[in-house]
Amino acid sequence: MSNEAEFDAFYAATAKRLVATVYAMTGDLAEAEDAVQEAYVRAWQRWARLSEEGDPLPWVRTVASRLAISTWRRTRTRLRAQLRHGQAPDVPGLSEDRVALVAALRELNPDQRRAVVLHHLLDLSVEDVARETRSSSGAVRTRLSRARKQLGEHLTKIDTYDEGAIAHG
């Protein structure tokens, strides 16, 4: 199989899930798509080396995550402008559960969010998450424990609010 065909097959098999992963980390679908696309461009430029070294997916996922994180810094300026000029309309078609989960994930710090996404959404082992994030397994376990607690508290608040609104609405 040629390098191009090999890369195309890799892209077809992994791109959709990677966008979902980065979206879960960032909460912004457009930013996730942009970061993932750029990560694949960079992977193509290094494809011979990446494919020889084994599974290129962790490399692409790391690049996409880092690109998305650097975008957060630029997003602050956009958010300030948005506050001055008004909120954009909500994206139609998102379930209430998905919106609640994304909002809860946004409450986590970036290290916790990345650990949760890699471990729970991608089913990576704690050891694989540690390797990918260049952390110890203990640090990953701590992040996951704290993140689960924080997510539980956030999602419980939403459920309590919804139940109160239904009872009084």
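# A walk through an eight-helix chain

Buried residues, meaning those under 20% relative accessible area (exposed is over 50%, partly exposed in between, with a 1.4 Å probe and protein chains only), make up 36% of the 169 residues in the protein chain. This is a predicted model, where local features need pLDDT of at least 70 and side-chain atom pairs count only at pLDDT 80 or more, while totals for chains, interfaces and linings use all residues. Residues are numbered from 1 along each chain as its sequence is written, and side-chain values use heavy atoms, leaving out hydrogens and water.

**Whole chain.** Start with a cartoon view. You'll find eight helices and zero strands; both are DSSP runs (H or I with at least four residues for helices, E with at least two for strands), numbered from the N terminus. Now think about contacts, which means heavy atoms within 4.5 Å. Among contacts between residues at least 6 apart in sequence, 65% join residues at least 24 apart.

**The largest core.** Next, select Phe10, Leu18, Val22, Val36, Tyr40, Val60 and Ala64. Of the 22 residues in the largest nonpolar core, these touch the most other members. Such a core is a set of buried Ala, Val, Leu, Ile, Met, Phe, Trp, Tyr and Cys residues joined through side-chain atoms within 4.5 Å. Helices H1 (3-26), H2 (29-45), H3 (47-52) and H4 (57-85) each supply at least two residues of this core, and H1 gives the most, with seven. Zoom in on Val60: leaving out residues up to four places away in sequence, Val60 touches Phe10, Leu18, Ala39, Tyr40 and Ala43. There's also a second, separate core of 18 residues, and Val117, Leu118, Leu122 and Val126 are among them.

**Helix H7.** Val126 also takes you to H7 (residues 126-133), where Val126, Val129, Ala130, Glu132 and Thr133 are buried. Look down the axis of H7: the buried residues fall within an arc of 170 degrees, so they line one face of the helix. That arc is taken from the directions from the helix axis to the C-beta atoms.

**Two loops beside H7.** Which loop holds Asp123? Asp123 sits in the loop between helix H6 (110-121) and H7. Asp123 has a positive phi of about 60 degrees although it is not a glycine, and Asp123 is exposed, at 63% relative accessible area. Most residues other than glycine have a negative phi. Now click on Arg134, in the loop between H7 and H8. Arg134 has a positive phi too, near 55 degrees, and counts as exposed at 71% relative accessibility.

**A pocket.** Keep Arg134 selected and add Pro58, Trp59, Asp128 and Glu132: these are among the residues lining the second largest pocket. H4 supplies the largest share of that lining, six residues. The volume of this pocket is about 250 Å³. On a 1 Å grid over the protein atoms alone, a pocket is an open set of points with protein on both sides within 12 Å along at least five of seven lines (a cavity is a set where a 1.4 Å probe fits but cannot get out), and lining residues have an atom within 4 Å of a point. Grid points are joined across faces, edges and corners, and a volume is the space filled by probe spheres set on the points.

**Last stop.** Is Ala147 buried or exposed? Ala147, in helix H8 (residues 137-168), is buried, with a relative accessible area of 0%. Leaving aside neighbours within four places in sequence, Ala147 is in contact with Leu108, Gln112 and Val116. Finally, pick the C-alpha atoms of Ala147 and Glu107: these residues are 40 apart along the chain, and the atoms are separated by 9.3 Å.
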